[in-house]
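Work through the exercises below with the sequence and the structure at hand. Each task is followed by a stepwise solution.

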Amino acid sequence: MMQNVHLAPEVDEDDLYSGYNDYNPTFDTEDLENDVAFQQAARTSHGRRPLVTAKIPGTSASRPLATGFGDGVARPMTAVHAAGYTKAAVRGSSFDPLGQARGPAPPLEMKNSDSSEEKIRQLEKKVNELVEESCIANSCGDLKLALEKAKEAGRKERVLVRQREQVATPQNINLDLTYSVLFNLASQYAANEMYAEALNTYQVIVKNKMFSNGGRLKVNMGNIYLKQRNYSKAIKFYRMALDQIPSVHKEMRIKIMQNIGVAFIKTGQYVDAISSFEHIMSTSPNLKAGFNLILCYFAIGNGEQMKKAFQKLIAVPLEVDYDDKYISPNDDPHTNLLIEAIKNDSLRQIERERKSMAEEYIMTAAKLIAPVIETSFAVGYDWCVEVVKASHYVELANDLEINKATTYLRQQDFNQALETLKMFEKKDSRVKSAAATNLSFLYYLENELAQATNYADLAVNSDRYNPAALTNKGNTVFANGDFEKAAEFYKEALRNDSSCTEALYNLGLTYKKLNRIDEALDCFLKLHAILRNSAQVLHQIANIFEIMEDPSQAIEWLLQLISVVPTDPHVLSKLGKLYDNEGDKSQAFHYYYESYRYFPSNIEVIEWLGAYYIDTQFCEKAIEYFERAALILPTQVKWQLMVASCYRRSGNYQKALEKYKVIHRKFPENVECLRFLVRLCTDMGLKEVQEYMTKLKKVEKLKEIREQRIKSGRDGSARSRREGNTGGENGGTKGERLSARLKALPGTSEPYESSSSKEIDASYIDPLGPQAERPKTAARKRTDEDDFADEELGEDLLPE
């Protein structure tokens with residue numbers, strides 16, 4: 001059966017659907033509401049879908065979504081859209097989806113860097129970079145650079161705000177950026193101790209209601225007032241911050257209350273501080289609050305409350321299991337390797353610091369309250385030890401016992417200290433080593449080297465890695481004169497603990513004894529790098545350079561030494577001596593005079609200053625120093641002779657004559673005094689000259705007799721020793737009989753060392769013992785105006 005076929009009219013190839021409505025004129029789009037077929041289609045599932053509102057590419061807002069069919073007839077909506085393929089394209093050219101046949105694509109449109117939005121974006125990025133650089137500089141310790149970067153960030157942020165206000169509404173301002181810039185600037189001001197500027201910057205943040213959390217910064221303001229010691233304002237701002245922080249932030253509120261308690265302690269309001277710390281210990285106990293609570297009760301003298309507070313401090317949990325986690329439960333190699341990796345990492349170091357801090361708080365609190373909570377400190381220590389033994393700080397009990405022995409030492413009760421320390425001889429090795437070390441130290445101080453050696457051996461055998469025990473053992477060996485072995489013990493102590501400064505110092509002293517000067521210098525220089533302001537180390541370095549005959553370096557180190565101990569007279573006199581040896585008399589005089597000011601009884605310094613004034617022709621000033629020397633050593637005639645000589649040199653002959661007469665009355669057998677009296681009386685035409693000449697002849701004759709008898713006595717003694725004669729029937733040697741006869745002579749009851757010029761010279765050269773040295777300026781400068789004979793003057797007054 002034939003079917004009727006309707007041929008569609010021919011249409012343009014570019015529009016496959018353009019003639020559809022022309023072919024089917026029965027579908028009337030003019031009156032769709034009355035069209036039964038359209039209403040039937042609208043009831044289908046497709047007709048119930050929402051209308052398409054998206055804009056089809058290539059259409060405008062006023063153009064309908066459907067294309068027209070012919071004369072203004074609207075095309076029905078369809079889900080199919082022409083892709084734009086044509087028959088000509090298929091026939092005449094290859095597939096070109098990217099349009100390369102039409103030429104290269106146009107370049108991308110460049111961003112306009114001159115636009116205001118782009119400038120604002122770049123400026124905001126620069127401000128953030130400056131804030132980050134400021135924080136990094138602060139963390140590196142460069143506080144000045146951090147402050148400069150913070151200021152620059154503040155300036156650029158204000159420029160950014162002005163530009164935003166010009167192109168947009170004020171609501172578009174970046175408040176977070178403004179807050180971070182101001183907060184960083186205030187922090188950098190505080191870090192540079194510019195507290196007024198920091199407070200002003202914090203006030204800008206706090207007063208701005210747009211910053212919702214700005215009130216919390218009142219804690220920082222309180223910290224600044226605390227640093228300025230303005231405690232009342234600090235407490236005020238802490239309380240204001242506490243009111244603005246909600247209760248959910250429990251940890252922050254506890255820290256603020258702790259700061260309030262510290263501020264109350266600073267002002268002496270211990271009762272208010274106690275209330276703050278008690279609240280903390282009841283809410284969230286911690287070590288710092290517990291220790292501060294003990295301090296407050298100690299300040300008000302409440303012993304019972306001190307005990308309760310100490311028990312609260314002991315009860316604070318450590319919060320970390322320090323040892324169990326680092327013990328392998330089995331021999332698994334992987335587990336062991338993991339434990340080795342974390343045994344000394346940064347977290348482990350934090351745990352050690354916390355444990356060390358807890359032990360320090362407990363030990364300090366126990367030492368503080370033990371003497372006051374009971375009738376005696378021993379009973380108080382026993383109570384603290386019992387409390388500690390019942391807690392999880394059991395290992396601190398032995399340390400408290402050792403501290404108890406140390407307290408006995410401070411009270412000069414050595415017997416009790418020894419008894420306390422001897423209790424540890426049967427304890428474990430660590431405690432035994434510590435106690436034996438202290439016992440060895442005590443016996444060493446009492447110069448009981450045998451006991452010190454025994455306990456040093458016990459300490460070393462108990463703990464070979466105890467540097468203090470090895471150092472004490474080295475000290476006992478050093479005292480016995482075995483310097484090589486002592487050096488070995490000191491080296492072993494340093495191998496166990498390179499920071500043992502006692503062992504390093506003693507090693508330097510040992511090398512000095514062994515005359516290994518370079519190694520000794522190396523030890524003391526290493527020690528100086530550790531202890532920068534140690535006076536002993538600086539003195540040893542200067543002394544070594546003096547031994548090495550390098551006076552310039554010795555002077556340099558002594559100058560560092562007097563910056564540490566500026567009133568040490570020995571160091572000042574040593575500097576004066578070195579400058580004198582270098583020929584710098586002005587500097588030598590300066591340091592000798594400073595030494596005399598701080599210690600005016602040093603005969604060597606007095607002698608040098610007197611000789612300096614005589615050398616510079618200021619004899620009147622030299623009199624003051626020689627009179628002081630005569631006051632210090634009244635039995636030595638030479639200082640009084642120097643006073644009289646200064647009067648004579650200055651031209652005051654009457655004073656000189658009176659002084660010589662006084663000397664003659666005290667020392668009637670002094671030959672030099674009689675000679676000066678004879679000469680002065682002769683030149684002044686006095687009648688006493690004959691009397692003094694007679695006395696002078698008698699004294700000189702007596703002196704010659706004594707010298708001959710002493711000489712013959714020495715010869716007889718030598719002859720008796722050669723012959724083996726021990727005294728014979730007369731009793732005693734010939735020299736002893738001569739000495740007995742010499743003592744029986746009249747006028748020899750006084751010791752005659754002062755009447756002999758030789759003995760005077762000897763005492764003058766070495767007034768302080770064999771270690772003293774004469775200053776170079778002690779040579780008398782001769783003058784043409786000297787009226788007296790040269791042979792009787794300079795030897796006693798200014799020896800060479």
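**Exercise 1. Place Ser440 in its helix, decide whether Ser440 is buried or exposed, and list its contacts.**

Solution. Step 1: Ser440 sits in helix H19, which spans residues 429-445; helices (H or I, at least four residues) and strands (E, at least two) are DSSP runs, numbered from the N terminus. Step 2: the relative accessibility of Ser440 is 1%, so Ser440 counts as buried. The classes are buried for under 20% relative accessible area, exposed for over 50% and partly exposed in between, with a 1.4 Å probe and protein chains only. Step 3: once neighbours within four places in sequence are set aside, Ser440 is in contact with Ala452, Tyr455, Ala456 and Asn472, where contact means heavy atoms within 4.5 Å.

The model is predicted: local features need pLDDT of at least 70, side-chain atom pairs count only at pLDDT 80 or more, and totals for chains, interfaces and linings use all residues. Residues are numbered from 1 along each chain as its sequence is written, and side-chain values use heavy atoms, with hydrogens and water left out.

**Exercise 2. Describe the surroundings of Ala370 in helix H15.**

Solution. Step 1: with a relative accessible area of 0%, Ala370 is buried. Step 2: setting aside neighbours within four places in sequence, the contacts of Ala370 are Ser376, Phe377, Gly380, Tyr381 and Cys384. Step 3: Asp382 is twelve residues from Ala370 along the chain, and their C-alpha atoms are 8.3 Å apart.

**Exercise 3. Characterise the packing of H15 against H17.**

Solution. Step 1: the axes of H15 (residues 346-373) and H17 (residues 396-410) come within 11 Å and cross at roughly 40°. Axes are lines fitted to C-alpha atoms, for helices over the stretch in contact, and angles run from 0 to 180 degrees between N-to-C directions. Step 2: H15 and H17 are therefore oblique to each other; under 35 degrees counts as roughly parallel, over 145 as roughly antiparallel, 65 to 115 as roughly perpendicular and the rest as oblique. Step 3: the crossing of H15 and H17 is right-handed. Step 4: H15 contributes Glu359, Ile362, Met363, Ala366 and Lys367, and H17 contributes Leu396, Asp399, Leu400 and Asn403. Step 5: these residues comprise five nonpolar, one polar and three charged. Here Ala, Val, Leu, Ile, Met, Phe, Trp, Tyr, Cys and Pro count as nonpolar, Asp, Glu, Lys and Arg as charged, and the others, Gly among them, as polar.

**Exercise 4. Which orientation do H11 and H12 have to each other?**

Solution. Step 1: the axes of H11 (residues 270-283) and H12 (residues 287-300) come within 9 Å and cross at roughly 150°. Step 2: H11 and H12 are therefore roughly antiparallel. Step 3: the contact of H11 with H12 has twelve nonpolar, two polar and one charged residues.

**Exercise 5. Examine phi at Glu193 and Asn515.**

Solution. Step 1: most residues other than glycine have a negative phi. Step 2: phi of Glu193 is near 60°, a positive value, and Asn515 has a positive phi of about 60°. Step 3: Glu193 is in the loop between H6 (175-191) and H7 (195-207), whereas Asn515 is in the loop between H23 (501-513) and H24 (517-530). Step 4: Glu193 is exposed, at 59% relative accessible area; Asn515 is exposed, at 59% relative accessibility.

Note on methods. A crossing is left-handed if the near helix is turned anticlockwise from the far one by less than a right angle, and right-handed if clockwise.
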